[in-house]
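Colleague: I am new to this structure and would love a close look at one part of it. Could you choose where to start and take me through it slowly?

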Number of protein chains: 2
Amino acid sequence: MRRPPGNKSAIATGTRRARTTGRPTIRDVSRLAGVSRMTVSRVIRGLDLVLPETRDRVQKAIADLGYVPDLAAGSLASRRTGFIALMLPTLTNANFSAAAHGLTEVLRAADYHLLIAYTDYSVDEEERQLRNLLARRPEAIVLTGSLQGRTASRLLLAADVPVIEIADLPRQPIGHSIGFSNYEVGRTAAKYLLGRGFQRVGAIASSTEGDVLDHRGEERMRGFEDELQQAGRPTDLVIRRGRAPVSHEHGAALVPTLLERKVDAVFAVSDLSAVGVVMECQRRGIRVPEDLSVMGFGDFEIGRCINPPLTTIHVDFKALGQRTGQLILELVDGESDRSPQRIDVGLRVIERASVRAPG
Amino acid sequence: MRRPPGNKSAIATGTRRARTTGRPTIRDVSRLAGVSRMTVSRVIRGLDLVLPETRDRVQKAIADLGYVPDLAAGSLASRRTGFIALMLPTLTNANFSAAAHGLTEVLRAADYHLLIAYTDYSVDEEERQLRNLLARRPEAIVLTGSLQGRTASRLLLAADVPVIEIADLPRQPIGHSIGFSNYEVGRTAAKYLLGRGFQRVGAIASSTEGDVLDHRGEERMRGFEDELQQAGRPTDLVIRRGRAPVSHEHGAALVPTLLERKVDAVFAVSDLSAVGVVMECQRRGIRVPEDLSVMGFGDFEIGRCINPPLTTIHVDFKALGQRTGQLILELVDGESDRSPQRIDVGLRVIERASVRAPG
DNA sequence: GCTTTTGTTGTTACCGTGCACATCACGATC
DNA sequence: GATCGTGATGTGCACGGTAACAACAAAAGC
């Protein structure tokens with residue numbers, strides 16, 4: 001817990017009001033420049049109602065004092081915090097950080113600041129973090145996928161803040177949503193592999209048990225299974241094991257099982273896992289794609305550089321972040337409330353060499 | 001630029017003060033609970049000077065109204081923002097995000113919020129971002145390496161905020177520093193390779209030209225060269241080419257040059273680049289480590305899973321972030337100003353199979 | 001029984017800024 | 001020459017909280 005500050009200086013200062021910091025305020029600037037505080041405020045915000053010579057005088061005073069405006073005070077007065085909140089499961093995922101990157105890029109120009117919180121896939125943290133975020137009064141809040149907890153949803157609703165759900169396209173969106181369908185990812189992967197004539201088509205994902213749940217991955221698996229079923233294929237080669245988030249180890253660890261079950265093409269819930277499969281095959285002398293074809297999801301950089309390069313499904317997360325940023329700017333600047341948007345950024349199969357050519 | 005909000009509701013509201021949002025304030029809570037605002041404030045912050053039954057009444061009122069305190073207002077009054085600023089070159093680097101992760105982990109428990117800014121290795125952005133950060137009045141500011149610009153340094157000095165430089169251990173630290181010596185990384189790599197009896201020892205890094213400068217990588221190169229020189233070896237196999245930040249492509253693109261120059265062991269400024277080298281060798285039928293030994297830096301996950309696994313130099317960035325968090329808590333909670341700390345988290349060679357065994 | 005201490009709650013005065021409105025000088029208009 | 005913009009600047013107050021101090025009742029000490 002943050003303790004209240006010690007009153008160490010109570011004696012030392014002597015004067016009654018030790019409440020101020022040493023930092024110059026807008027008042028100091030105004031005195032030095034010989035104008036009112038309001039004029040300084042106008043100069044700072046570039047409102048152009050100031051005579052050039054006055055402006056210069058103020059700017060000199062600002063520079064001399066090393067004055068930096070206090071945005072907390074400004075927010076309070078103007079009721080605009082300049083914060084956009086972003087909630088992620090984790091930062092250590094290249095796609096999510098790409099989205100964050102794209103988002104910042106757009107918002108930066110408008111002097112918005114991103115408040116990032118991540119939940120590490122935990123429901124309890126989700127609520128705590130959300131509460132913390134809302135206390136900062138963000139002008140919009142960006143979520144990856146829907147909220148898990150009921151309390152969290154209620155909080156969000158009560159806050160009356162524009163909500164944008166990204167990455168997932170939820171069935172029941174809270175507000176706006178920008179993303180792609182994970183279900184469709186799974187179906188696309190299954191279609192692709194079936195279309196290439198594989199007989200024993202499998203998939204690997206993390207287990208659905210445990211406190212940490214990767215429901216995005218699970219959606220992909222559902223789509224994959226449904227497509228298999230529609231094609232009259234068995235779904236018993238869809239394997240869920242290990243904990244989310246998946247990594248190389250996850251894929252590598254499942255190779256023995258894949259071989260046992262004589263899988264000839266496998267879709268991994270993530271490129272990271274897929275790369276693990278390829279590398280483990282390399283170690284065991286299993287040829288990819290001749291003996292086992294491998295397909296991933298996410299188009300991570302690593303998939304591009306291994307041998308063979310990984311066939312995968314690509315979603316443009318950076319663009320997703322950028323579009324999110326643009327939508328936010330429209331929402332915040334705009335006069336009227338926009339009706340809820342639902343933007344599908346789509347996905348595409350990147351064909352590389354880890355899946356065997358048909359025939 | 002953030003435009004001032006439209007005054008669309010000026011007519012609609014009629015009443016003179018349309019300045020309030022719909023959100024409940026501490027005053028609403030106090031009225032509903034039949035206590036003073038101060039008592040509510042005490043309950044919120046858990047200050048324990050409140051009678052349990054009063055506390056319950058207040059908490060019920062808070063829950064009924066869905067009240068969420070406004071931290072901007074609180075910050076203004078208490079002069080504690082609960083913000084810690086973090087400046088990174090980029091988020092899309094696993095080590096930096098690991099450090100951010102460790103940092104958050106520690107600060108989260110104390111209800112601090114991380115304000116992340118990244119510069120994309122640009123000096124102009126650095127100053128802009130720093131100014132933005134300082135305007136939020138962070139209680140401490142964490143930098144990766146030293147600041148580039150003079151104006152930026154002056155700003156920081158004037159702000160009178162505890163500064164912690166991480167990752168690098170600068171020669172002239174501004175305040176505290178927690179990190180490792182990139183110079184030592186280079187020397188260690190050179191020593192390691194020389195100790196294994198290689199004859200033509202090289203290194204690859206990005207070019208020092210261009211607007212984007214990876215001075216951390218350059219430090220590594222300097223250490224590497226110095227060690228070579230001390231051992232009486234030529235440094236002409238230290239190659240700087242391409243733009244920062246380096247990636248797989250960077251390493252792959254330099255393989256022809258390495259082969260031409262008959263390098264038998266190469267140190268890459270980053271694992272990403274090193275992996276690029278290994279993969280390109282695989283494609284060309286060059287055996288690693290028999291024909292070319294490769295060593296990286298950073299111990300990225302990918303290096304662990306490729307074949308052969310990559311020998312590298314490891315720095316525990318997550319722990320680095322955690323220690324930074326702990327130091328911050330001491331600084332902020334503590335009664336007295338701590339004297340500047342300088343903490344070296346060290347580094348260690350991770351021996352794997354991409355470097356040939358001696359003899 | 002009176003003073004002192006302790007524990008709980010209330011009052012006042014800000015924190016640093018921006019909005020709405022007021023003011024003032026000055027030139028244009030009639 | 002009085003009126004009316006118009007552009008530049010100033011004034012008062014509110015934003016939503018908290019620190020410092022005051023007030024008061026109940027318990028403790030003598």
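Modeller: Happily; what follows begins with helix α2 of chain B and works outward from there.

First, the ground rules. This is a predicted model, in which local features need pLDDT of at least 70 and side-chain atom pairs count only at pLDDT 80 or more, while totals for chains, interfaces and linings use all residues. Residues are numbered from 1 along each chain as its sequence is written, with chains lettered from A and ligands numbered from 1 in the order in which they are written.

Find residues 26-33 of chain B, which form helix α2 (helices are DSSP runs of H or I, at least four residues, and strands are E runs of at least two, numbered from the N terminus). Its partners here are α4(B) and α3(B).

Take α4(B), residues 52-65, to begin with. The axes of α2(B) and α4(B) are 9 Å apart, and the two helices pack at an angle of about 125 degrees (axes are lines fitted to C-alpha atoms over the stretch in contact, and angles run from 0 to 180 degrees between N-to-C directions). The pair is therefore oblique (under 35 degrees is roughly parallel, over 145 roughly antiparallel, 65 to 115 roughly perpendicular, the rest oblique). From α2(B), the residues that make this contact are D28(B), V29(B), L32(B) and A33(B); from α4(B), they are R57(B), V58(B), A61(B), I62(B), D64(B) and L65(B) (contact: C-beta atoms, placed from the backbone, within 7 Å). Sorted by class, seven of these residues are nonpolar, three are charged and none is polar (Ala, Val, Leu, Ile, Met, Phe, Trp, Tyr, Cys and Pro are nonpolar, Asp, Glu, Lys and Arg charged, the others, Gly among them, polar).

Now turn to α3(B). Its axis and that of α2(B) come within 8 Å and cross at roughly 105 degrees, so α2(B) and α3(B) are roughly perpendicular to each other. Here α2(B) contributes I26(B), R27(B), V29(B), S30(B) and A33(B), and α3(B) answers with R37(B), T39(B), V40(B) and S41(B). The classes in this contact are four nonpolar, three polar and two charged residues. V29(B) and A33(B) are worth pausing on, since they appear in the contact with α4(B) and in the contact with α3(B).

Which residues come nearest to DNA strand D? Two names from the contact just described return: I26(B) and S41(B) are in that group, along with A77(B), S36(A) and T54(A), out of 32 residues around the strand (near: C-beta atom, placed from the backbone, within 6 Å). Helices α3 (37-45) and α5 (71-78) of chain B, together with α3 (37-45) and α5 of chain A, each give at least two residues to this surface. It divides into 15 nonpolar, ten polar and seven charged residues.

DNA strand C has 30 residues around it, and those that come nearest are T25(A), I26(A), S41(A), A77(A) and S36(B). Once more, α3 and α5 of chain A and α3 and α5 of chain B each supply at least two residues. In this case the surface has 15 nonpolar, ten polar and five charged residues.

Both chains take part in each surface, and that leads to how the chains are related. Chain A superposes on chain B by a rotation of 180 degrees with 0.0 Å of shift along the axis, at an RMSD of 0.1 Å (least squares on C-alpha atoms of residues with pLDDT of at least 70 in both). The copies are thus related as by a two-fold rotation axis. In chain A, A72(A) has the C-alpha nearest that axis, 2.5 Å away. The same surface serves both copies, with 100% of the contact residues of chain A recurring in chain B.

How many residues does each chain give to the contact between them? Chain A gives 56 and chain B gives 57. On the side of chain A that touches chain B, the elements giving two or more residues are α5 (71-78), α6 (94-108), β2 (113-118), α7 (123-135), α8 (150-159), α12 (271-284) and α13 (301-305). By class, that side has 24 nonpolar, 17 polar and 15 charged residues.

Two loops of chain A deserve a final glance. D111(A), in the loop between α6 and β2 of chain A, has a positive phi of about 60 degrees although it is not a glycine. Further along, a cis peptide bond with omega of about -10 degrees joins A244(A) and P245(A), and P245(A) sits in the loop between β7 (238-240) and α11 (248-260).

Notes. Contact = placed C-beta atoms within 7 Å.
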